[in-house]
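Trainee: I should like to learn how the labels given to a structure are justified. May we go through them one at a time?

Mentor: Certainly; let us look at the structure together.

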Amino acid sequence: GLNELDIIDLSAFPNPSNTKWNIKTSNTLITAVEVFNSAGKRVVSLENNSKEVVISTKGLANGIYISRVITDLGTKSFLLIRK
């Protein structure tokens, strides 16, 4: 069968970034976004109800973060880099 993660069309840009990340989808609604630091601590939690969300990097240290994007079709995680 189809892997549910493969049907969620998400993009994050610019990545790496030093100001903000834009997360967009073409085929579903983003309902929430969480960003975790390398220690696993949640550093951003946003409620949303659109096909696009902007995450500010203000206050975040340089490094690698894991974002969890919750959509109507399921959840997808990927890396974000703050430079």
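Mentor: Please keep in mind that this is a predicted model. We begin with the salt bridges, of which the count is two.

Trainee: Why is the pair E34 and R42 called a salt bridge?

Mentor: The rule asks for a side-chain nitrogen of Lys or Arg within 4 Å of a carboxyl oxygen of Asp or Glu. In E34 and R42 the closest N and O atoms are 2.9 Å apart, so the pair meets the cut-off of 4 Å. Side chains of opposite charge can pair when their charged atoms come close.

Trainee: What makes E34 and R68 a salt bridge?

Mentor: Their side chains meet at 2.6 Å, N to O, and the limit is 4 Å, so this pair also qualifies. The pair links distant parts of the chain: E34 belongs to strand 3 (residues 30–36) and R68 to strand 6 (residues 63–71), 34 residues apart.

Trainee: Which residues are linked in a network of salt bridges?

Mentor: The network links E34, R42 and R68.

Trainee: How do you know whether E34, R42 and R68 are buried or partly exposed?

Mentor: Buried means under 20% relative accessible area, and exposed means over 50%. E34 has 12%, so it is buried. R42 has 46% and R68 has 34%; because these values fall between the two cut-offs, R42 and R68 are called partly exposed.

Trainee: Why is F36 called buried?

Mentor: F36 has a relative accessibility of 16%, under the cut-off of 20%, and therefore counts as buried. This residue lies in strand 3. Not counting residues up to four places away in sequence, F36 touches K41, R42, V43, Y65, I66 and R68.

Trainee: How do you know that R82 has no salt bridge?

Mentor: The nearest side chain of opposite charge, E52, is 18 Å away, whereas a salt bridge needs atoms within 4 Å, so R82 has none. R82 is nevertheless buried, and its place is in strand 7 (residues 74–82).

Trainee: What does the side chain of R82 reach, and which residues does R82 contact?

Mentor: The side chain reaches the backbone oxygen of L60 at 3.3 Å. A polar contact requires N or O atoms within 3.5 Å, so this distance satisfies the limit. Leaving aside neighbours within four places in sequence, the contacts of R82 include S17, N18, W21, T57 and Y65.

Trainee: What makes the nonpolar surface patch?

Mentor: I64, I66, L79 and I81 make a patch of about 350 Å². The elements that give two or more residues to this nonpolar patch are strand 6 and strand 7. One of the patch residues, I64, is found in strand 6.

Trainee: Which residues are joined by cis peptide bonds?

Mentor: One cis peptide bond joins F13 and P14, with omega about -20°. Another joins N15 and P16, with omega about 15°. Most peptide bonds are trans.

Trainee: Where do P14 and P16 lie?

Mentor: P14 lies in the loop between strand 1 (10–13) and strand 2 (20–25), and P16 is found in the loop between strand 1 and strand 2 as well. P14 and F36 are 22 residues apart along the chain, and their C-alpha atoms are separated by 18 Å.

Note on methods. Residues numbered from 1 in each chain as written. Predicted model: local features only at pLDDT ≥ 70, side-chain atom pairs only at ≥ 80, totals over all residues. Heavy atoms only, no water. Buried < 20%, exposed > 50% of the residue type's maximum accessible area, 1.4 Å probe, protein only. Helix = DSSP H or I, 4+ residues; strand = E, 2+ residues; numbered from the N terminus. Lys, Arg positive; Asp, Glu negative; His and termini not counted. Polar contact = N/O pair within 3.5 Å; in protein donor to acceptor, adjacent residues only side chain to side chain. Contact = heavy atoms within 4.5 Å. Patch = residues over 30% accessible without salt bridge, like charges linked within 9 Å, V, L, I, M, F, W, Y side chains within 5 Å. Areas by Shrake-Rupley, 256 points an atom, 1.4 Å probe, with all protein chains shown as cover.
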